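Hi,

Here's the structure I promised to pass on. Have a look at it first, and then read my notes underneath.

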Amino acid sequence: MAHETLITQTEGATLLIRLNRPEALNALNATLMRELVEVLQAADADSAVRVIVLTGSEKAFAAGADIKEMAAKGFADVFFDNLFGAEAQAIAAIRKPIIAAVSGYCLGGGCELAMLADFILASETAKFGQPEINLGIVAGMGGTQRLSRRVGKSKSMDMHLTGRFMDAAEAERAGLVSRVFPAEALIAETLKIAETIAAKSMVTAMIVKESVARAEETSLAEGLLFERRMFHAAFATADQKEGMNAFMEKRRPKFQDR
């Protein structure tokens, strides 16, 4: 299916989604967010898709939300529309692993969208920022919350209050980014990583995603209890038996996602 703001392609068991508003540096507008949610939810329900990669262009992952679309709105407009709220919740609810592959500008809503992925891979050209303060607003899709949990209060405050950008090297040191690659190698390396994940048990991958995400939502004691129960529950799966037998027999496991 053709989309107005996205380009999608399948690479084995990986769905590659490319934001495609080059005239606006992939700024997030209502159409893009609607189409993105539709594609992600369809991928989540498609057994042929095991991993999702979300990327933009070499120049910009996404340079923010579409200011032209928002500028004339008032409080009642954005409040009653719950601007970006439903879409962010829907993306956060996707159960399959999502990797954000970031080159160029990843600012404001773009940075928040990248943080909705399970982890971020960046090229050496990536620049992250939450410069909403320069527009007289604050981040509205999780920027103050998720960035603080990723990089700590001090660096998050610095970025939100000054509007400065963080380059890929600093983002990796701070823990926002998992790995950094040369720009020309980013997508190929990301697809290799996605292929590695796709070869695992999908039921176990989903358990991992839920367990790690729980660390941001609850206390350490509750998180540890959740993890332990998920650990115990994994022993009810055929994939646990296959994985352990394959290890003892010194062969590759053949997971069946059950």
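Two strands pair when DSSP finds at least two bridges between them; strands (E, at least two residues) and helices (H or I, at least four) are DSSP runs numbered from the N terminus. The model is predicted, so to speak of local features we need pLDDT of at least 70, side-chain atom pairs count only at pLDDT 80 or more, and totals for chains, interfaces and linings use all residues. Residue numbers start from 1 along each chain as its sequence is written, and side-chain values use heavy atoms, without hydrogens and water.

First, the sheet. Strand S8 (residues 127-129) pairs with S9 in the antiparallel sense, over 3 bridges, and Gly129 has Phe165 of S9 as its bridge partner. Both strands belong to an open, mixed sheet of 4 strands, ordered S4-S6-S8-S9. At its edges sit S4 (60-62) and S9 (165-167), each pairing on one side only.

Next, helix H1 (residues 30-45). Its 16 residues should span 22 Å at 1.5 Å a residue (1.5 Å times one less than the number of residues), and its end C-alpha atoms are 23 Å apart, which agrees. Among its buried residues (under 20% relative accessible area, 1.4 Å probe, protein chains only) are Leu32, Leu36 and Leu40. The buried residues of H1 pack (contact means heavy atoms within 4.5 Å) against several elements, including strand S1 (6-11), helix H4 (85-92) and H5.

Cheers

Conventions. Buried < 20%, exposed > 50% of the residue type's maximum accessible area, 1.4 Å probe, protein only.
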